[in-house]
Amino acid sequence: MREITLTINGESYTREVHEHRTLLHFLRDDLGLTGTKEGCGAGECGACTIIMNGAAVNSCLVLAAEANGSVLETIEGAAKDGTLSALQSAFHEHHAVQCGFCTPGMVMSATDLLRRNPNPSRDEIIDGIEGNFCRCTGYEQIIEAILAASKEGKSHA
Amino acid sequence: MLEAIPADQLKHVGKKTDRIDSKAKLTGQATYVSDMTLPGMLYARVLTSPHARARIVSIDTAKAEAIPGVRAIVVGDELDYRLGLYVVDKAILAKGEVRHYGEAVAAVAADTLEIAEQGVEAIEVVYEELEPVLHPLKALEADAPLVHPDLSDYSYMEAAFTPQPGTNVANHTKLRKGDTAKAFEECEWIIERRYTNPSVQHVPMETHVAIVQWGHDDEVTIWSSAQSPFTLRNLFCTAFGMSHQKVRVIVPYVGGGFGGKAGIGIEPLVAVLSRKAGGRAVKLTATREQEFSLLPCRSQLTYNIKTGIREDGRILAQELTMYWDSGAYADYAVNVTRASGYSAGGPYDIPNAKVDAYTIYTNKPFGTAYRGFGHVEFFWGLERHMDLVAEAIGMEPLEFRLKNTLGPGSTTLTGEKITANTGNITKCLQTAAEAIGYRKLTSKEKAREKETGLKIGKAVVGLHKAPAMPPFTATTVILKMNEDGSVTANLSLVDYGQGTYTAVQQIVAERLGFDVSQVKVAFESDTDRDPYDWQTVASKGLLLSGNAAILAAEDLLKNAHEVAAQALRAQAVDLAHDNEKIFVRHHPESAVTFAQLAIGYAFPNGNSIGGPLVGVGRYIAQGLTHLDKETGQGLPAIDWTYGAHGLTVEVDRETGEYNVLKVVSVFDVGKVINPDEVRGQAIGGMLQGLGTATCEGYIYNEQGRLLNPSFTDNKIPTARDLPLEVDAIAIETPQIDGPYGARGVGEHSMIGVAAALGNAIQHATKAELTHMPIRYEDVWRALQKREPVDNWITKSPYGSCRSAPEIIKHDC
């Protein structure tokens with residue numbers, strides 16, 4: 001066990017963790033932040049995507065101990081003061097959600113993309129979310145939502 | 001339930017309406033079973049078989065029991081229950097013999113997942129390997145090992161299925177229409193070929209998960225990622241011999257299903273762990289690998305089609321023989337066989353047909369329902385065959401199809417008469433053709449060919465499907481009026497992403513004359529508190545639950561108007577209402593609000609009438625029959641949704657590499673309830689269909705071990721695999737008994753894609769493809785007319801990549 005301290009969605013957390021605990025299981029099981037999902041546990045599907053120190057990562061491939069001192073953003077922090085982010089609103093309006101299990105990871109990948117590239121082309125959007133599997137939507141309405149959010153120009157807020 | 005309301009008078013049906021569940025999902029607040037924990041909950045892991053077929057010589061759990069924190073271990077020999085949807089053939093844990101790679105052999109519940117994992121690893125199993133039977137055609141041979149030697153002892157649904165003891169046949173669906181032998185004599189051409197496809201995994205993003213608490217006095221509570229809470233409860237109670245009121249099934253948000261979560265899965269296993277652990281709740285989440293092998297998949301199909309054509313291009317006769325590889329257990333595969341059997345000819349008018357569809361046991365992970373319920377698989381062969389026949393008789397493929405489509409006056413294979421309201425397959429085909437610019441290349445496409453050196457091909461294929469369901473399929477919707485005059489709908493159809501709850505909200509709002517914001521459709525189905533629904537499968541949810549929702553709204557209004565008539569001292573016939581109040585038509589100021597009526601109306605002096613307002617809508621499928629077991633004749637279809645896929649591909653004729661440029665999906669949905677959701681189903685299913693068509697499929701080694709049970713080796717389409725252009729077009733030929741004329745479209749979106757791809761590739765290159773998925777190397781091999789090479793993939797005897805079998809042209 002070792003003690004870690006990290007910041008998640010602006011809040012500070014200090015916990016004892018096993019060295020082998022993944023960041024994903026730490027978030028979900030130790031902190032109850034279950035918005036981040038587990039789809040494969042092997043870094044293949046992107047369902048567990050969060051933003052760590054400003055970059056999107058598969059949280060199933062990061063050890064909690066490695067994240068000591070990090071600043072994390074998860075889906076729970078995407079809406080501010082009860083208002084969806086422009087990106088979340090665009091997902092809502094464009095029916096970019098079906099079963100919803102890939103949605104948190106998808107939103108975090110898209111958030112990361114729009115911060116790096118506020119006006120991505122369709123192809124750049126595809127690059128940005130290629131690591132996030134969605135079995136329901138066929139991605140089209142997700143791509144349209146991200147394009148619409150980028151046009152509003154405030155999606156990375 | 002069709003109400004002839006002009007579209008411009010509809011306020012919600014057919015209009016852009018937000019999904020009711022997307023905000024909860026977008027904020028991470030929607031709770032799935034995989035997110036849940038209960039006080040004192042234990043975590044389970046399962047030990048699975050590394051062999052396709054083996055005798056279990058011994059299982060030693062002593063070392064596992066000694067691990068601190070292990071609370072319960074179960075093995076097959078201590079459990080005397082058998083499960084089965086249609087054929088009761090499956091033990092909760094393998095007993096005596098394992099029948100497929102990945103089958104559950106033992107399970108451990110422990111304080112933590114890690115301890116459960118250690119427990120499973122400490123269990124010692126000695127197997128004696130036996131020769132597996134892996135290919136369905138081999139399984140039919142007289143000396144084949146029997147997957148179920150005790151088949152004669154199993155109970156099964158006798159009205160529909162025909163297991164054949166002493167063989168590996170779990171079911172034989174027969175259909176006889178007209179006289180094929182005689183018709184073949186009158187044919188100018190008779191053409192026969194065989195088409196194949198492997199098993200495929202559904203890949204819901206949330207793997208199967210269940211929490212079960214076997215409580216005091218045998219009160220069992222199940223939280224499950226299941227599609228069908230009532231069917232799960234029914235199968236559970238049947239297996240354990242329990243009263244239905246003892247078992248409660250709760251289904252919150254579900255992370256995708258696609259048919260794979262339709263029946264009963266891991267719940268009984270989790271239940272016996274909980275019982276053995278003294279009633280503590282136990283949670284089991286399938287690993288992704290287990291999702292591929294412990295849990296069921298889509299069946300492999302070998303489809304032989306023999307078609308006789310008259311001189312003028314009319315199909316006179318078809319002999320259709322299907323060999324469905326059920327894997328080790330019958331599950332839904334027997335019903336896939338039955339449903340595919342009766343629609344095996346596609347949306348075409350076939351006067352003489354002979355169908356023999358076999359469900360065959362093999363030692364492989366077992367098959368179940370998967371979006372399309374057999375139709376994705378057999379339409380691959382059928383629509384490839386339509387092109388083959390067209391070419392052989394010298395007719396243009398679309399023209400050949402249009403000459404043979406079902407239309408008013410024609411009869412289906414089971415003898416059902418098609419009417420003008422059944423739907424319009426001709427229009428679907430023509431619309432798809434127009435949308436992809438069929439028969440010609442645009443100047444842009446010509447320029448692209450020149451620039452890339454790739455050859456562009458186009459194809460249009462037709463499709464149809466009816467819900468595969470018992471004739472007595474039924475559902476209920478209950479509407480409860482809240483104190484403020486808003487309403488809450490309860491139903492046990494599960495919305496695991498399809499969007500049906502939003503459609504139900506629109507339908508209820510439409511019928512009540514309310515705003516959609518006044519109508520809540522409650523997520524989380526609970527068999528203790530919500531009314532019955534048979535199952536969430538078959539693209540039947542919108543039609544049945546939509547009708548029940550209309551009836552519930554009418555019932556609620558009738559009850560509200562009755563109380564309002566007393567409150568207003570008016571006759572009920574003189575009353576009208578808006579979204580706030582009921583009023584007297586000729587004295588609108590004489591009004592009472594829904595809020596005043598919601599929990600009972602109180603007169604100023606305190607006298608009260610009415611009571612809480614509830615509306616109940618029950619709907620049961622009308623006029624369906626069982627099918628005759630010898631002839632397959634009868635009425636199995638509550639509705640047929642027709643559709644067409646148009647596809648444009650560019651192919652490198654040297655390497656076989658290709659890019660899908662455009663896919664257009666057209667469906668006769670009767671009436672669009674929610675345009676964005678129809679589009680979401682159409683495009684989502686289309687890409688899932690492209691997954692099946694291009695890359696997905698189970699690959700086994702010669703011992704029957706599954707080689708690719710992971711996302712590393714079994715990719716599903718990513719955003720990168722989306723065609724350059726996609727489109728979805730709805731045709732609206734109203735369904736007379738559909739809600740506002742609507743019919744289902746959830747599965748249809750996937751059905752024609754693979755054949756459209758195969759046909760378009762052939763159009764571009766002449767590559768003869770009869771096996772899907774179509775990988776680049778398969779196109780290359782087909783072009784080179786080369787047999788598969790013996791690499792790690794193709795050494796699989798029964799996986800992907802067979803070269804095209806010979807076309808049989810019979811002498812006429």
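A residue counts as buried when its relative accessible area is under 20%, and as exposed when that value is over 50%. The exercises below apply this to a predicted model.

**Exercise 1. Determine what share of chain A is buried, and describe its fold and extent.**

Step 1. With the cut-off above, 57% of the 157 residues of chain A count as buried.

Step 2. The secondary structure of chain A consists of five helices and five strands, arranged along the sequence as β-β-α-β-β-β-α-α-α-α.

Step 3. The globule rule gives 15 Å for 157 residues, and the radius of gyration of chain A is 15 Å, so chain A is as compact as a globular protein of that length.

Step 4. The C-alpha trace spans about 45 × 30 × 25 Å along its principal axes. Of the contacts in chain A with a separation of 6 or more, 54% are between residues 24 or more positions apart.

Step 5. Chain A exposes about 5800 Å², and carbon and sulfur atoms supply 46% of this area. Its side chains include 12 positive and 21 negative ones, with the centres of the two sets 2 Å apart.

**Exercise 2. Carry out the corresponding analysis for chain B: what is its radius of gyration, and what would a compact globule have?**

Step 1. Chain B contains 19 helices and 32 strands.

Step 2. A compact globule of 812 residues would have a radius of gyration near 28 Å; the value for chain B is 28 Å, in agreement. The box filled by its C-alpha atoms is roughly 90 × 70 × 55 Å along the principal axes.

Step 3. In chain B, 66% of the 812 residues are buried. Among contacts between residues at least 6 apart in sequence, 79% join residues at least 24 apart.

Step 4. The accessible surface of chain B is about 28000 Å², with 48% belonging to carbon and sulfur atoms. Chain B carries 80 positive and 99 negative charges, whose mean positions are 3 Å apart.

**Exercise 3. Characterise the interface: how many residues of each chain are in contact, and which residues of chain B lose the most area?**

Step 1. The contact set comprises 53 residues of chain B and 45 residues of chain A.

Step 2. About 4000 Å² is buried between the two chains, and carbon and sulfur atoms give 56% of that area.

Step 3. On the chain B side, the most area is lost by B:Leu26, B:Met205 and B:Arg720, which together account for 20% of what that side buries.

**Exercise 4. Place three residues of chain B, and decide for each one: buried or exposed?**

Step 1. B:His748 lies in the loop between strand 31 (725–731) and helix 18 (753–765). Its relative accessible area is 2%, so B:His748 is buried. Beyond its sequence neighbours up to four places away, its contacts include B:His464, B:Lys465, B:His645 and B:Phe667.

Step 2. B:Val376 belongs to helix 10 (residues 375–393) and, at 1% relative accessibility, counts as buried. Its C-alpha atom is separated by 8.9 Å from that of B:Ala755, although the two are 379 residues apart along the chain. Among the residues touched by B:Val376 are B:Arg298, B:Thr692, B:Met750 and B:Met772.

Step 3. B:Leu316 is in strand 16 (residues 315–327). With a relative accessible area of 9%, B:Leu316 is likewise buried. B:Leu316 and B:Ile350 are 34 residues apart in sequence and 6.1 Å apart from C-alpha to C-alpha. The contacts of B:Leu316 include B:Ala183, B:Cys187, B:Pro351 and B:Asn352.

Notes
Residues are numbered from 1 along each chain as its sequence is written. Chains are lettered from A and ligands numbered from 1 in the order in which they are written. Side-chain values use heavy atoms; hydrogens and water are left out. Helices (H or I, at least four residues) and strands (E, at least two) are DSSP runs, numbered from the N terminus. The radius of gyration is taken over C-alpha atoms; the globule rule is 2.2 Å times the number of residues to the power 0.38. Buried means under 20% relative accessible area, exposed over 50%, partly exposed in between (1.4 Å probe, protein chains only). Contact means heavy atoms within 4.5 Å. Accessible areas come from the Shrake-Rupley method with a 1.4 Å probe; for residues, only the protein chains shown count as cover. Lys and Arg count as positive and Asp and Glu as negative; His and the chain ends are not counted. The place of a charge is taken as NZ of Lys, CZ of Arg, CG of Asp or CD of Glu. Buried area is the accessible area (1.4 Å probe) that two parts lose on being put together, summed over both.
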